[in-house]
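Got the structure open in your viewer? Here's a quick walk through it, one selection at a time.

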Amino acid sequence: MAARDVVLLFPGQGSQKVGMGADLAAADPRARAVFEAADAALDIPLSRLCFEGPDDELMRTENAQPALLTHGAAAWAVVSTVLRPSVRAAAGHSLGEFTAHHAAGALSLADALQLVRRRGEVMAMSGAKRPGGMAAILGADEEVVEAACRKASDSGVVVPANYNAPDQLVISGEVEAVERAMGLARDSGAKRAIRLKVSGAFHSPLMAVAADGLEAALSAASFGLPAFPIYANVSAEPVSEPATARRLLLEQLVSPVRWTGTIRALTAMYPEALYVELGPGVVLSNLVKRIASGTETAACGTATDVDALLARFS
């Protein structure tokens, strides 16, 4: 096959599921080594949690985040030798942005794991201190959702949190304000408004109480220069400087995930690239196709996925 550009994508919280990475670790010693290294770095049986559950433990924010990073890192470890020369950029959705920095060589596996474990802990604590909720708004454009949040803000804090696709946004904030914004969005034509099962109002000002804890962890981590640029959630622009990466990863805590803008920027720069999603499922692949129709994607989360992907480069 002729050489082609590759863009790496790493999923965020919500993509985790019991069994994630199990067949990959069984099939390839490089993946198995990543899971074993994660267990050692965090001093918890993370691999067993990924492979066997229980589901309620895996879903806890402080466990889901390192679990997803580990699965993405394991998939990358298996395919990196073949894909690395073709990779032009990477992006990750929320938590996945940390995985992208690891894949680019800017963060060691141990530093990345300890960072996201701490990130999950402070986000969970923030959710307990300043309770809130999130809701998905489907079938309404950005202007409708933004207007609904503005109108509902007299009931409390509510903001757009995830710009996932042009007609799929997530809002976040205080429960009363979120519920009011849901109703306003429906009144303005949204097809559905669905409360999400989350432990806090992620990517909203309510997460500000977690900022000090995450900032300390980011300061302690050793960031290097990435082998390829990482497109940041906050700005939808490429990042290579370690100081900028730290700042944007901290801002991401209270800022919206601009996934639609990120994918538009990437597909404008790399329109013919193969967009490879490393981790469980195809959530990001589906969003890419909705944002930029005709873009080619590939999953890389299971042993079967890996075989199919590598066959494209043989």
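## Start in the core

First select L8, V79, L83, L115, V276, L278 and L309: they have the most contacts inside the largest nonpolar core, which has 69 residues. Bear in mind as you look around that this is a predicted model. Now color helix α5, residues 61-83, which supplies the largest share of that core, ten residues.

Zoom in on L309 next. Neighbours within four places in sequence aside, L309 is in contact with V79, L83, L274, V276, A298 and C300. There's also a second, separate core, this one of 19 residues; to find it, pick A148, A152, V158 and L169, which are among its members.

## Into the sheet

Go to strand β1, residues 6-10. Five of its five residues are buried, so β1 is largely enclosed by the rest of the structure. Turn it around and you'll find both faces covered: V6, L8 and F10 sit on one side, V7 and L9 on the other.

What does β1 pair with? Strand β2, residues 87-92, is one partner, parallel to β1 and joined over five bridges. Strand β9, residues 274-278, also runs parallel to β1, with four bridges between the two. V6 is a handy residue to click on here: V87 of β2 stands opposite it, and so does L274 of β9.

Now show the whole open sheet. It has six strands in the order β8-β7-β2-β1-β9-β10, and the pairing is mixed. At the edges are β8 (238-239) and β10 (296-300), each pairing on one side only. For an antiparallel pair, select β7 (residues 230-231) together with β8: two bridges join them, and I230 has V239 in β8 as its bridge partner.

Add helix α12, residues 259-269, to the view. Helix α12 packs on the sheet, touching β1, β2, β7 and β9, and its direction makes about 175° with that of β2.

## Over to β3

Next stop is strand β3, residues 133-138. This one is mostly covered, with five of its six residues buried. β3 runs antiparallel to strand β5 (residues 168-173), and six bridges join them; look for A136 opposite V170 in β5. β3 also pairs in the antiparallel sense with strand β6 (residues 192-195), over four bridges. Here A135 stands opposite R195 in β6.

## A helix with two sides

Select helix α10, residues 211-220, and highlight its buried residues G213, L214, A217 and L218. Look straight down the axis of α10: the buried residues fall within an arc of 130°, so they line one face of the helix. Why can that happen? An α-helix has 3.6 residues a turn, so residues three or four places apart point the same way.

Which residues are exposed on the face of α10 turned away from its buried side? They are D212, S219 and A220. To see what the buried residues of α10 pack against, bring up α6 (96-103), α7 (109-129) and α11 (242-251).

## Last stop: the cysteines

How many disulfides are there? The count comes to zero. Click on C50 to check: the nearest cysteine sulfur belongs to C300 and is 16 Å away, while a disulfide needs the sulfur atoms within 2.5 Å. Is C50 buried or exposed? With 0% relative accessibility, C50 counts as buried. C149 is buried too, at a relative accessible area of 3%.

Definitions and conventions: Residues numbered from 1 in each chain as written. Predicted model: local features only at pLDDT ≥ 70, side-chain atom pairs only at ≥ 80, totals over all residues. Heavy atoms only, no water. Buried < 20%, exposed > 50% of the residue type's maximum accessible area, 1.4 Å probe, protein only. Arc of directions from axis to C-beta. Contact = heavy atoms within 4.5 Å. Core = buried A, V, L, I, M, F, W, Y, C linked by side-chain atoms within 4.5 Å. Pairing = 2+ DSSP bridges. Axes fitted to C-alpha atoms, helices over the stretch in contact; angles between N-to-C directions.
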